[in-house]
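The following exercises are to be worked through with the sequence and the model at hand. Each task is followed by a solution in steps.

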Amino acid sequence: NETVSKNFIENIIDKDLADGIYDTVHTRFPPEPNGYLHIGHAKSILLNYGLAKEYNGKFNMRFDDTNPTKEKSEFVESIKADIKWLGADWEDRLFFASDYFGQMYEAAIKLIKKGKAYVCDLTADEIRQYRGTLTEPGKESPYRNRSVEENLQLFEEMKEGKYADGEKVLRAKIDMASPNMNMRDPVIYRVAHMTHHRTGDTWCIYPMYDFAHPIEDAIEGITHSICTLEFEDHRPLYDWVVRELEYPQPPKQIEFAKLYLTNVVTGKRYIKKLVEDGIVDGWDDPRLVSIAALRRRGFTPESIKMFVDLCGVSKANSSVDYAMLEYCIREDLKLKRPRMMAVMDPVKLVIDNYPEGQVEYLDAPNNMENEALGTRKIPFSGELYIERDDFMIDPPRKYKRLFPGTEVRLMNAYFVTCTGFEADDDGTVHVVHCTYDPATKGGNAPDGRKVKGTIHWVEATNAKKATVRLYENIVDEEKGVYNKEDGSLNVNPNSLTTVTAYVEPALMEAKGYDSYQFVRNGFYCADIHDSKEGAPVFNRIVSLKSSFRL
Ligand code: ATP
Ligand code: MG
Ligand code: MG
């Protein structure tokens, strides 16, 4: 029921529309192009895009590229690709905050003319000292009362490149005694002789985030400017900027809690270290949670949307278990993907009464819960591979699979009865022997007898070898993500295991990003970088087993 499940942001929007504060909803996603997007950003993207859709409004994609130190064009492209993949469509509304540098400069001049901004010669350290503390009011800068004319001239000179970095700044003239530190005459423009990735050397003064962001929102006609909780204290400054600049329909900032996932690494510094130390093979290593990594691992946009929806939107910080993300991808792929047979740790199964040298082709449903996926033919003969742990010489009481004297079902094929095995002195089994019942073709006995277990298999002569990567969390869950002593990462030495599996021949056609269920095991996706034509490499997205319950 829609009305029950509305989040606090929707409630704010409903009220704004009802009160006539806005007559439309216009949101934006404003990343800084200084890194790859991660699962937390996905929440913000889908939230902003989702609200625009829900209210028949608009959604802007805006690169917040006002700080030339950290920004690179390389990230612009990866960010666009990630957002497209998530399905957030900005249509023709792609913007760069750097395109507004002229308007921001004009806005600064407007403040100076109103007596609301001044050029200050204090150093960064002095500004900090003058700012005071939470318990003590700040001290006014000796430059605070410069005349409008002098400020206009000095600001012009800043722009002309007359001053070195840090020599002068432009500050908003607000209140040095404000209980909110952000309101104690914040710096709004600084000198920085740096080349910007888009505007080159046109500018040597750059606006600060708290000044630039509300202007960007106002220029674009954003109504609800959604950001994360750490900006709550900045909201009075946001409101001050849009009020003093007299925008006719000022945007409104709304904060929500960041998404945190347990047992994953999102910090750029740590990921960089993992890459440099060769523990992961890049920003999109399937064990990471950048959007590119999740895509490479085999997550779908639908699964991420489901995850974000389940997390909800709130004002309280909390962490979500990675298992919930796994739950979402299982749910999404369950009916969509074919269920194939792959044997990870093979042992030979020989059917002694099967006609020697014969191969037959059996019909198998691609997904027994979704007929629409059709059927396929799978080869079958007297020599198969089964999983090593589907056979035991001397099993515990509840074991339902193969052991001497028992009958099990070979999935999509026949009933077989174990008649013996060949093993080394140390107990390592090489061959399991059995007989089959030709009357049980398709997996049911005409006499109605039942078997306790069903196991999967692949036909030995047609089986193909495929590289399969099994993943665990990159960090050691037992020890916690970070080492308490030195803050280093507790890396899980077993986060990647590579095995060679025997798979059905049909799986060799897999192309990068194709995904499948490997029956009784998990969901797998062909790696986009390492798969070759006819030789896919499969990444385990998630195993079928889960401890997570909704
Ligand atoms: P990071 O430091 O992880 O890159 P950021 O805040 O610097 O995060 P930006 O590029 O500034 O990243 O963020 C773009 C948008 O994504 C912002 O509106 C920000 O609030 C939002 N965002 C960033 N991290 C999260 C998160 N963990 N959960 C929800 N939203 C997030
Ligand atoms: Mg960022
Ligand atoms: Mg940021």
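**Exercise 1: Two domains in contact**

The centres of domain 2 and domain 3, taken over C-alpha atoms, are 31 Å apart. This is a predicted model, in which local features need pLDDT of at least 70, side-chain atom pairs count only at pLDDT 80 or more, and totals for chains, interfaces and linings use all residues. Residues are numbered from 1 along each chain as its sequence is written, while chains are lettered from A and ligands numbered from 1 in the order in which they are written.

Task: Describe the contact of domain 2 with domain 3.

Solution.
1. Domain 2 covers 259–339 + 465–550 and domain 3 covers 342–456; such bounds come from an automatic or database domain assignment.
2. The contact draws 15 residues from domain 2 and 14 residues from domain 3, where contact requires C-beta atoms, placed from the backbone, within 7 Å.
3. On the domain 2 side, strand β24 (residues 496–503) gives the largest share, four residues. Strands (E, at least two residues) and helices (H or I, at least four) are DSSP runs, numbered from the N terminus.
4. This side of domain 2 comprises eleven nonpolar, one polar and three charged residues. Ala, Val, Leu, Ile, Met, Phe, Trp, Tyr, Cys and Pro count as nonpolar, Asp, Glu, Lys and Arg as charged, and the others, Gly among them, as polar.

**Exercise 2: A helix pair**

Task: State which residues make the contact of α7 and α8.

Solution.
1. Helix α7 spans residues 209–220 and helix α8 residues 235–244.
2. From α7 come D210, F211, P214, I215 and A218; from α8 come L237, Y238, V241 and V242.
3. By class, eight are nonpolar, none polar and one charged.

Conventions: Axes fitted to C-alpha atoms, helices over the stretch in contact; angles between N-to-C directions. Contact = placed C-beta atoms within 7 Å.
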